[in-house]
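Please read this report with the sequence and the 3D view open side by side. It goes from single residues to the chain as a whole.

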Amino acid sequence: MNVRKKSLAFSVLAATAILAIGCGAARPSKYYALTPPSGSTTSSPGDANGPSLLLGPMMTSHLYREDRIVYSSEHEQMGTYETERWAEPPVEMMQNILLRKLRSTGHCRDVNTLRSGAHGDYLLRGRLYDFKEVSGRNFVARLSFDLEMHDTKTNTTVWTFTYSYDEPVGEKNISSVVAALDRNVQRAAGEVSAALDQYFSTHPSK
């Protein structure tokens, strides 16, 4: 009996040790970033006759204020990957890319963030709705958001912009999803910049 008890006790201890080792071997997190547009990270002088633009905050779900990569089905059931993460929250990456893209055009006198304390002729702000992987009949990287620009002197909305596009994902893996979202964001930044240029060309600064 004593031999059986000792054997049983040893088996329990061995099993506990194996479980402890298994629990301790957690998968390391992987972090991904978007490609920043060429251009200065600080405001530099642009068109002296152009407008001064402030980039305000983008409202969004708490999911896009955190660093986990979001996935969903066509039926809008959503979740997040545990170990696949963004280097920064998606909403912050979007704001930084828009900021650098708008600065790179040189069509504005200057472009600053609202939190910088600078003054501007216009305030650009918006809402981010989707920044995620979507699986189903098609495997895509979905990006959608709205922007609106206010004249700071009159406090009126003078320009609005809506973006919604599903970028095809080549392969069913996280690296391909990140690459597709990156392409989608670069496409969106280019369209925003072009649309603002068109507005300012027809509404010169006074």
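Leaving out residues up to four places away in sequence, Thr-113 touches Leu-54, Leu-55 and Leu-99. This threonine is found in strand β5, which covers residues 110-113. The model is a predicted one. In it, Thr-113 has a relative accessible area of 17%. Because buried means under 20% relative accessible area, Thr-113 counts as buried.

Thr-113 is also one of the residues that line the second largest pocket. About 150 Å³ of space lies in that pocket. Two of the contacts of Thr-113, Leu-55 and Leu-99, appear in the lining as well. The other lining residues are Gly-56, Pro-57, Met-58, Arg-65, Val-91, Gln-95, Asn-96, Leu-114 and Arg-115. By class, the lining has six nonpolar, four polar and two charged residues. At least two lining residues are supplied by β2, and at least two by α2.

How many cavities of 30 Å³ or more does the structure hold? There is one. Rolling a probe the size of a water molecule over the atoms shows where empty space is left. The largest cavity contains about 30 Å³ of space. Its lining is made up of Leu-102, Thr-105, Cys-108, Leu-196, Asp-197 and Phe-200. Two elements, α2 and α3, give two or more residues to this lining. The largest share, three residues, comes from α3. Sorted by class, four of the lining residues are nonpolar, one is polar and one is charged.

Helix α3 also appears in the nonpolar core. The largest such core has 45 residues. Within it, the residues with the most contacts are Phe-131, Phe-145 and Trp-159. Two or more core residues come from each of the strands β2 (52-60), β3 (68-73), β6 (122-135), β7 (140-151) and β8 (156-168), and from each of the helices α2 (90-105) and α3 (174-202). The largest share of this core is that of α3, with 13 residues.

Which residues does Phe-131 touch, not counting residues up to four places away in sequence? Its contacts are Leu-34, Tyr-64, Val-70, Trp-86, Pro-90, Met-93, Met-94, Arg-142, Leu-143, Leu-181 and Val-185. Phe-131 lies within the range of β6, residues 122-135.

The next residues are three histidines and one asparagine. The table gives their places and their relative accessibility.

| Residue | Place | Relative accessibility |
|---|---|---|
| His-62 | loop between β2 and β3 | 55% |
| His-75 | loop between β3 and β4 | 75% |
| His-150 | strand β7 | 10% |
| Asn-155 | loop between β7 and β8 | 65% |

Is His-150 buried or exposed? With 10% relative accessibility, His-150 counts as buried. Apart from neighbours within four places in sequence, His-150 is in contact with Asp-121, Tyr-122, Leu-123, Arg-125, Thr-156 and Thr-157.

His-62 and His-75 are on the other side of the cut-offs. Exposed means over 50% relative accessible area, so His-62, at 55%, is exposed. His-75, at 75%, counts as exposed too. For each of these two histidines, a distance to a residue elsewhere in the sequence is given by the model. His-62 and Val-91 are 29 residues apart in sequence, and their C-alpha atoms are 9.8 Å apart in space. His-75 and Ser-135 are 60 residues apart in sequence, with 9.5 Å from C-alpha to C-alpha.

Asn-155 is exposed, with 65% relative accessibility. The phi angle of Asn-155 is near 55 degrees, which is a positive value in a residue other than glycine.

Now the chain as a whole. The protein chain has three helices and eight strands. Along the sequence, these elements follow the pattern α-β-β-β-β-α-β-β-β-β-α. The chain has 206 residues, of which 40% count as buried. Among contacts with a separation of 6 or more, 71% are between residues 24 or more positions apart. The chain exposes about 12000 Å², and carbon and sulfur atoms supply 54% of that area.

Terms used:
Residues numbered from 1 in each chain as written. Predicted model: local features only at pLDDT ≥ 70, side-chain atom pairs only at ≥ 80, totals over all residues. Heavy atoms only, no water. Core = buried A, V, L, I, M, F, W, Y, C linked by side-chain atoms within 4.5 Å. Buried < 20%, exposed > 50% of the residue type's maximum accessible area, 1.4 Å probe, protein only. Helix = DSSP H or I, 4+ residues; strand = E, 2+ residues; numbered from the N terminus. Contact = heavy atoms within 4.5 Å. 1 Å grid on protein atoms, 1.4 Å probe; cavity = no way out; pocket = protein on both sides within 12 Å on 5 of 7 lines; lining within 4 Å. Points joined across faces, edges and corners; volume = space filled by probe spheres on them. Nonpolar A, V, L, I, M, F, W, Y, C, P; charged D, E, K, R; others polar. Areas by Shrake-Rupley, 256 points an atom, 1.4 Å probe, with all protein chains shown as cover.
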